[in-house]
Amino acid sequence: MRNQIKVNGEVERAKITYFFKETFRAHSKAEYKEIFTRGLNEDNSGVSGAFPWLYVRAFFALLILFTVNTFVLRLTNNALYVPSVTFLGGITFTVPFIILLYELYPKRDLSLFFLIAVLVIGGTVSGFLAQLGYTFIPKVNDWISAVTAGVVEEVCKLIPALVVIAVIKQKNPYACFLIAATVGAGFSVIEDMGYIFYFSDNSSYHSDVSTIVTLFADRGLSSFCSHVLWTGAIGWAYSYIKKPFKSIRFFLMIFLSISLHICWDFPLEGWLQVLDIGLCVIIAACVNIAIVHVSRMKTLANEVDLTAVNEGIIAEAKQMGGRMRFTNAANLTFALTCTLLSVLLLVFCVLPIGTDYKREEYGSKEEFIAVIQDHNDLVADWDRQFDDNGETIEELKREGKRVYAVQRENIGGYDYDFSYYFYDNEVKLDSIAVWVEFENRETRFYCFAYEFGKDVVWVFEVNDYFKDYKYQKDGTVTAVTYAEEFNNYDLLIVLCATGCAITICCTVVLAGLRIKIRRLKDA
């Protein structure tokens with residue numbers, strides 16, 4: 001009866017206000033030691049009475065580190081910062097989320113370091129299996145690719161997850177959910193890092209910081225309701241259902257996860273895409289919240305040894321003096337301020353404020369070429385032969401022999417200059433130029449080779465403000481161009497004013513807390 005009262009007390013305390021109060025209160029060194037040594041001691045019986053708190057600190061730290069590195073990349077365009085930005089962008093949301101799920105697991109038989117190993121190794125193995133599977137499946141269209149991705153990736157994540165569960169002989173449904181979710185998180189981290197690196201690296205001239213931040217937020221927020229939960233639900237069903245491979249319910253859970261993955265990848269646009277993603281989020285969130293809640297409550301109810309609940313450590317932390325509580329308030333104020341300033345800096349990185357280069361998207365290579373040639377219908381005739389009777393506007397002879405000559409010919413209303421070199425009996429066409437009216441004057445523009453995948457197209461560079469370009473597999477072209485010398489200064493003023501206001505408020509609060517701490521110390 002007494003044990004049941006303790007369990008009921010745990011349930012009663014699980015209110016949202018108490019949850020956040022426990023999250024942001026001062027935590028002692030003993031609490032840090034307890035969570036990092038959990039699962040590593042000889043005696044790991046009993047349950048933890050602590051509420052989650054480490055995940056918030058991990059998120060604050062990773063967000064600030066990501067922001068600092070992104071801000072440096074934005075200011076300097078130094079490619080050496082791309083790996084750190086890519087790595088931090090891939091883990092800032094996903095790793096704290098796994099820490100939160102770990103802290104919600106009440107038993108002490110799993111180690112945080114073990115989960116980190118599962119994340120790295122399981123994510124790598126599942127990614128390798130998925131890419132191996134893709135090599136044998138041809139891409140037909142976007143709809144078939146969505147089905148292929150859903151089946152291949154979910155099966156390839158499930159394999160290492162079930163192997164880990166079988167090896168450690170874990171029976172608790174929540175623990176199996178956590179292990180499988182961690183494998184999904186590892187796969188998600190690798191995928192997110194790949195997306196951030198691939199789509200943000202436009203050229204050697206320009207790292208698209210705006211795309212980095214956008215993908216960081218998009219992929220990071222979607223990790224809460226995609227790979228982590230899809231794989232975690234299957235891991236839970238594997239342990240919760242007796243003889244899972246003989247149960248239709250287990251395969252229905254696999255089918256549900258695969259279906260959510262397929263629907264998530266459907267090539268929809270507009271409101272249909274919003275509705276599709278929204279339904280996937282709601283279904284995945286509801287299923288997994290129910291899994292976590294039911295598994296957590298059953299674990300607490302079935303635990304016999306409740307004497308190992310770390311109430312002593314928690315009580316010790318709560319009895320810390322007022323000085324420690326005010327110190328914690330100061331630390332939280334400083335962390336919150338850094339977080340708000342980080343958000344402002346990320347907004348600054350997204351906006352085109354004072355950038356040297358900017359990115360432009362083109363739906364096809366033909367559209368991109370038309371802009372370069374200023375929409376003139378120009379053609380490079382590299383098969384043209386030297387015409388002895390043609391108009392030669394420039395010529396160079398040595399010892400009576402022609403060594404260089406330029407011939408002009410009007411084709412389609414444009415004057416083309418063909419430059420030839422003569423080597424004994426061989427004549428070689430070296431370059432082609434065309435005369436076009438550009439910016440109210442007649443100017444000669446030369447022809448250069450542009451590569452679009454395996455195709456090479458000769459283009460006359462009438463508009464030469466493009467620094468570089470990247471041809472995408474879907475046929476689109478991402479070009480890097482010069483930006484205006486300085487623009488959007490009004491937005492910069494607003495961001496600076498907001499940042500100064502936040503900093504001033506933080507300084508005032510910290511000064512007040514510092515005075516209070518000093519008085520308590522003197523007392």
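**Exercise 1. Which residue takes a positive phi in the hairpin of β3 and β4, and how many residues lie between the strands?**

Solution, step by step. A quick note before you start: this is a predicted model, where local features need pLDDT of at least 70, side-chain atom pairs count only at pLDDT 80 or more, and totals for chains, interfaces and linings use all residues. Residues are numbered from 1 along each chain as its sequence is written, and side-chain values use heavy atoms, with hydrogens and water left out.

- Find the two strands, which like helices (H or I, at least four residues) are DSSP runs (E, at least two residues) numbered from the N terminus. Strand β3 covers residues 401-411 and β4 covers 414-423.
- Check the pairing, which takes at least two DSSP bridges between two strands. β3 and β4 have eight bridges and run antiparallel; in one of them, A405 has Y420 of β4 as its partner.
- Now look at the turn. Two residues sit between the strands, and G412 has the positive phi, near 60°.

**Exercise 2. Follow the chain out of β4: which residue of the next hairpin has a positive phi?**

Solution, step by step.

- β4 pairs with β5 over nine bridges, again antiparallel.
- Y423 bridges to E426 in β5.
- This hairpin has two residues between its strands, and D424 takes the positive phi, near 55°.
- Carry on to β6 (residues 441-452): β5 (residues 426-438) joins this strand in the antiparallel sense through six bridges, with E437 facing E442.

**Exercise 3. Put the six strands of the open sheet in order, and say which strands are at the edges.**

Solution, step by step.

- The order reads β2-β3-β4-β5-β6-β7, with antiparallel pairing.
- β2 (391-398) and β7 (455-460) are the edge strands, pairing on one side only.
- From one strand to the next, the twist averages 25°, taken from axes that are lines fitted to C-alpha atoms (for helices, over the stretch in contact), with angles from 0 to 180 degrees between N-to-C directions.
- As for β4, seven of its 10 residues are buried (under 20% relative accessible area with a 1.4 Å probe, protein chains only; exposed is over 50%, partly exposed in between). So β4 is largely enclosed by the rest of the structure.

**Exercise 4. Why is one side of β1 and of β8 left without a neighbour in the three-stranded sheet?**

Solution, step by step.

- The open sheet runs β1-β9-β8, with antiparallel pairing.
- β1 (357-362) and β8 (466-471) stand at the edges with a single partner strand each, so one side of each has no neighbour in the sheet.
- Neighbouring strands here are turned by 20° on average, direction ignored.
- Five bridges link β8 to β9 (residues 477-482), and Y471 is opposite V477.

**Exercise 5. How many disulfides does the model have?**

Solution, step by step.

- Apply the rule: a disulfide is a pair of cysteine sulfur atoms within 2.5 Å.
- Try C338. The closest cysteine sulfur belongs to C506, 7.2 Å away, which is too far for a bond.
- The count comes to zero.

**Exercise 6. Which helix has the lowest mean pLDDT among the elements, and which the highest?**

Solution, step by step.

- pLDDT is the predictor's confidence in each residue, from 0 to 100. The protein's mean is 85, and 88% of its residues reach 70 or more.
- Helix α1 (residues 2-13) is lowest with a mean of 47, while α7 (residues 112-134) is highest with 95.
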